[in-house]
Amino acid sequence: MRCPHCLHPDSRVLETRATDDTTKRRRQCLACGFRFSTAERLERRLPLVVKRGGAREPFDRDKLVVGMRVACRRRPVPAERIERAADRVEQRVSGLGAEVATADIGRCVLDELRGLDPVAWVRFASVYLNVDSLDAFAALLAPGTPEGPAPEPVGEPAEAATEPGAP
Ligand SMILES: [Zn+2]
């Protein structure tokens with residue numbers, strides 16, 4: 001990082017402070033002595049979302065969370081679990097390339113909702129994937145199809161296994 005005062009390329013670090021996602025450094029220019037700060041953040045490479053009509057827009061985690069909350073409305077799903085599911089979707093989407101279709105994001109969300117709540121999963125499947133015929137919807141629900149309900153939720157927290165009466 002060049003000195004913002006004289007553009008000298010070298011500086012020494014006076015102080016380093018790290019938080020969860022940022023490392024801040026107080027620096028001093030080796031040439032003119034000017035002091036300045038730099039911040040280092042983990043680079044998140046989120047793709048552009050390609051909508052049905054072909055328009056592109058930046059990936060928006062807030063929209064993702066809102067969509068999942070709507071699907072989970074009046075269902076016994078804690079907000080914290082929706083947030084963690086959104087984290088996982090964001091992580092998966094960031095691995096899909098520079099551009100990703102809304103339908104691909106929808107499939108990631110479906111995978112998460114499947115483990116959260118069956119009603120939320122069906123709501124989201126019917127709206128987000130734009131299922132327009134009963135046959136298509138029935139195929140979606142059939143076990144064994146890629147979109148079908150999983151026999152067991154994967155990656156669930158231990159609480160599911162510690163219900164009263166469980167061995
Ligand atoms: Zn300088």
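What follows is a short dialogue on reading helices, strands and sheets in this model.

Me: What kind of model is this, and how are residues numbered?

Reply: Residues are numbered from 1 along each chain as its sequence is written. The model is predicted, so local features need pLDDT of at least 70, side-chain atom pairs count only at pLDDT 80 or more, and totals for chains, interfaces and linings use all residues.

Me: How many helices and strands does the protein chain have?

Reply: Start with the assignment. Helices (H or I, at least four residues) and strands (E, at least two) are DSSP runs, numbered from the N terminus. The protein chain has five helices and six strands. Along the sequence the pattern reads β-β-β-β-β-α-α-β-α-α-α.

Me: What share of the residues counts as buried?

Reply: Count neighbours. A residue is buried if 20 or more other C-beta atoms lie within 10 Å of its own, exposed if 12 or fewer, and partly exposed in between; C-beta atoms are placed from the backbone. Of the 167 residues of the protein chain, 16% are buried.

Me: How are the strands β1, β2 and β3 ordered in their sheet?

Reply: Look for pairing. Two strands pair if DSSP finds at least two bridges between them. Here an open sheet of three strands runs β1-β2-β3, with antiparallel pairing. β1 and β3 are the edge strands, each pairing on one side only. For angles, axes are lines fitted to C-alpha atoms, for helices over the stretch in contact, and angles run from 0 to 180 degrees between N-to-C directions. Neighbouring strands of this sheet are turned by 25° against each other on average, direction ignored.

Me: Which residues are bridge partners of R17 and Q28?

Reply: β1 (residues 11-18) and β2 (residues 22-29) pair over seven bridges. R17 has K24 in β2 as its bridge partner. V13 stands opposite R27 in β2. β2 also pairs with β3 (residues 35-41), again over seven bridges. There, Q28 has R35 in β3 as its bridge partner. The hairpin of β2 and β3 has five residues between the strands, and G33 takes a positive phi near 80°.

Me: What is the order of the sheet with mixed pairing?

Reply: This open sheet of three strands has the order β5-β4-β6. β5 (56-58) and β6 (99-101) are at the edges with a single partner strand each, so one side of each lacks a neighbour in the sheet. Neighbouring strands here are turned by 35° against each other on average, direction ignored. β4 (residues 48-50) and β6 pair in the parallel sense over three bridges. V49 stands opposite V100 in β6.

Me: Which residues of α1 are buried, and which are exposed on the face turned away?

Reply: An α-helix has 3.6 residues a turn, so residues three or four places apart point the same way. In α1 (residues 61-71), L64, M68 and A71 are buried. They cover an arc of only 55° around the axis (taken from the directions from the helix axis to the C-beta atoms), which puts them on the same side of α1. The face turned away from that buried side carries the exposed residues D62, K63 and V70.

Me: At what angle do α1 and α2 pack?

Reply: Angles under 35 degrees count as roughly parallel, over 145 as roughly antiparallel, 65 to 115 as roughly perpendicular and the rest as oblique. α1 and α2 (residues 79-93) pack at about 130°, with axes 10 Å apart. The two helices are therefore oblique to each other. Residues are in contact if their C-beta atoms, placed from the backbone, lie within 7 Å. The contact includes L64 and M68 of α1, and I82 and V89 of α2.

How values were computed:
Contact = placed C-beta atoms within 7 Å.
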